[in-house]
Amino acid sequence: TRSTRPQRMLKAVQKNATKGNPESVISAIDYFCKHSEWAMNVGDEKGSILDSVVTEVNPSTVLELGTYCGYSTVRIARLLSPGTKFITLEFNPANVTVARQIIAHAGLQDKVTVVEGSSGDLIPQMKERFGITTFDFIFLDHWKDRYLPDIKLFEECGLLRKGSVLLADNVICPGAPEYLEYVRNSPRYENRYYPAHLEYTKVEDGLEKSVFLG
Ligand SMILES: Cn1ncc2cc([C@H](O)c3cccc(CNC(=O)c4cc(-c5ccc(F)cc5)cc(O)c4O)c3)ccc21
Ligand SMILES: [Mg+2]
């Protein structure tokens, strides 16, 4: 049967990237998406903004919602200090399988735990399953209509502390209007919008950074 786009992306990484070299994995995926098949990775332009925020926060605990093929997982994991706890959630088992292989090709398998499941089910389990009380950095890149319910879940579960940083992809395209309205109208968040473009295109998109004020 015909392969899937994530499987073809994995093959491109295994063929073109150097094992143990995260930069070459990132480049191989970007090349694949620019010259073979578009895919919904955060990409190089927004990825550089992601890099700068992760570096600035230098988090001890990280959560990513929406692993997909592991592109942003590799971008984040390659910047983390030793001992950082990094969890990424993916509901689609086929994506989990591809992502784990791409992360392993980058040599970052010991830096991150890919957990199969849905954010709504797993967020309330962070304390009991992973011993995490609060997250320093959260990257939202899953279903756009889940951004709002999940930030509310973080608040309800006490998973945010004064200074926790949330970074949301695609707030313009496909868009997360209810999420934007919530964080921008809430006195509990300080926000900054980073204008950019939809990965590998000229379409307008951007990232919203929200710092929890407690
Ligand atoms: C609940 N839960 N918990 C964990 C979890 C994990 C997933 C999956 O990783 C998954 C699967 C499919 C879609 C997404 C969201 N991503 C997108 O939809 C997206 C679209 C586009 C775009 C833009 C323009 C287009 F024309 C087409 C697609 C550009 C982007 O950067 C995206 O991130 C995420 C899903 C729900 C999950
Ligand atoms: Mg995205």
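Author: Helices (H or I, at least four residues) and strands (E, at least two) are DSSP runs, numbered from the N terminus. With that in hand, V203 can be placed in the loop between β6 and β7. This is a predicted model, in which local features need pLDDT of at least 70 and side-chain atom pairs count only at pLDDT 80 or more, while totals for chains, interfaces and linings use all residues. Residues are numbered from 1 along each chain as its sequence is written, chains are lettered from A and ligands numbered from 1 in the order in which they are written, and side-chain values use heavy atoms, with hydrogens and water left out.

Reader: Why is V203 called partly exposed?

Author: Its relative accessible area is 40%. Buried means under 20% and exposed means over 50%, with partly exposed in between (1.4 Å probe, protein chains only). The value for V203 falls in the middle band, so V203 is partly exposed.

Reader: Which residues does V203 contact, leaving aside its neighbours within four places in sequence?

Author: Contact means heavy atoms within 4.5 Å, and V203 is in contact with C173, A196, H197 and L198. Along the chain V203 and C173 are 30 residues apart, yet their C-alpha atoms are 8.0 Å apart in space. C173 is also joined to P174 by a cis peptide bond, with omega at about 5°. P174 itself sits in helix α9 (residues 171-175).

Reader: What makes D141, D169 and N170 donors of the magnesium ion (ligand 2)?

Author: Donors are N, O and S atoms within 2.8 Å of the metal (3.2 Å for Na, K and Ca). The atoms here are OD of D141, OD of D169 and OD1 of N170, at 2.0 to 2.2 Å, so they meet the cut-off for magnesium. Along the chain the donors follow the spacing D-x27-D-N. Water is not among the atoms, so sites may look incomplete.

Reader: How do you know that D169 is buried?

Author: D169 has 0% relative accessibility, so it counts as buried. N170 is buried too, at 3%.

Reader: Why are α1 and α5 called roughly parallel?

Author: The axes of α1 (residues 5-16) and α5 (residues 93-105) come within 10 Å and cross at roughly 10°. That angle makes the two helices roughly parallel, because angles under 35 degrees count as roughly parallel, over 145 as roughly antiparallel, 65 to 115 as roughly perpendicular and the rest as oblique. Axes are lines fitted to C-alpha atoms, for helices over the stretch in contact, and angles run from 0 to 180 degrees between N-to-C directions.

Reader: Which residues of α1 and α5 meet?

Author: From α1 come P6, Q7, M9, L10, V13 and Q14, and from α5 come N95, V98, Q101, I102 and H105. By class, this contact has 6 nonpolar, 5 polar and no charged residues. Ala, Val, Leu, Ile, Met, Phe, Trp, Tyr, Cys and Pro count as nonpolar, Asp, Glu, Lys and Arg as charged, and the others, Gly among them, as polar.

Reader: What makes α1 and α2 oblique?

Author: α1 and helix α2 (residues 22-35) have axes that come within 9 Å and cross at roughly 130°. This angle falls in none of the other three classes, so the pair is oblique. The contact is made by R5, R8, M9, A12, V13 and N16 of α1 and V25, A28, I29, F32 and C33 of α2. It has 8 nonpolar, 1 polar and 2 charged residues.

Reader: And why are α8 and α10 called oblique?

Author: Helix α8 (residues 147-156) and helix α10 (residues 177-185) pack at an angle of about 40°, with their axes 8 Å apart. That angle puts them in the oblique class, therefore the word applies. Y147, L148, I151, K152 and E155 in α8 meet E178, Y179, Y182 and V183 in α10. Here the count is 6 nonpolar, no polar and 3 charged residues.

Reader: How do you know whether Y189 is buried or exposed?

Author: Y189, in strand β6, has 5% relative accessibility, so it counts as buried. Beyond four places in sequence Y189 touches, among others, I151, E155, Y182 and V183.

Reader: What is the phi of Y200, and where is Y200 found?

Author: Its phi is near 65°, a positive value in a residue other than glycine. Y200 is found in the loop between β6 (189-197) and β7 (204-212), and at 19% relative accessibility it counts as buried. N58 also has a positive phi, of about 45°, although it is not a glycine. N58 lies in the loop between α3 (43-57) and β1 (61-65), and its 47% makes it partly exposed.
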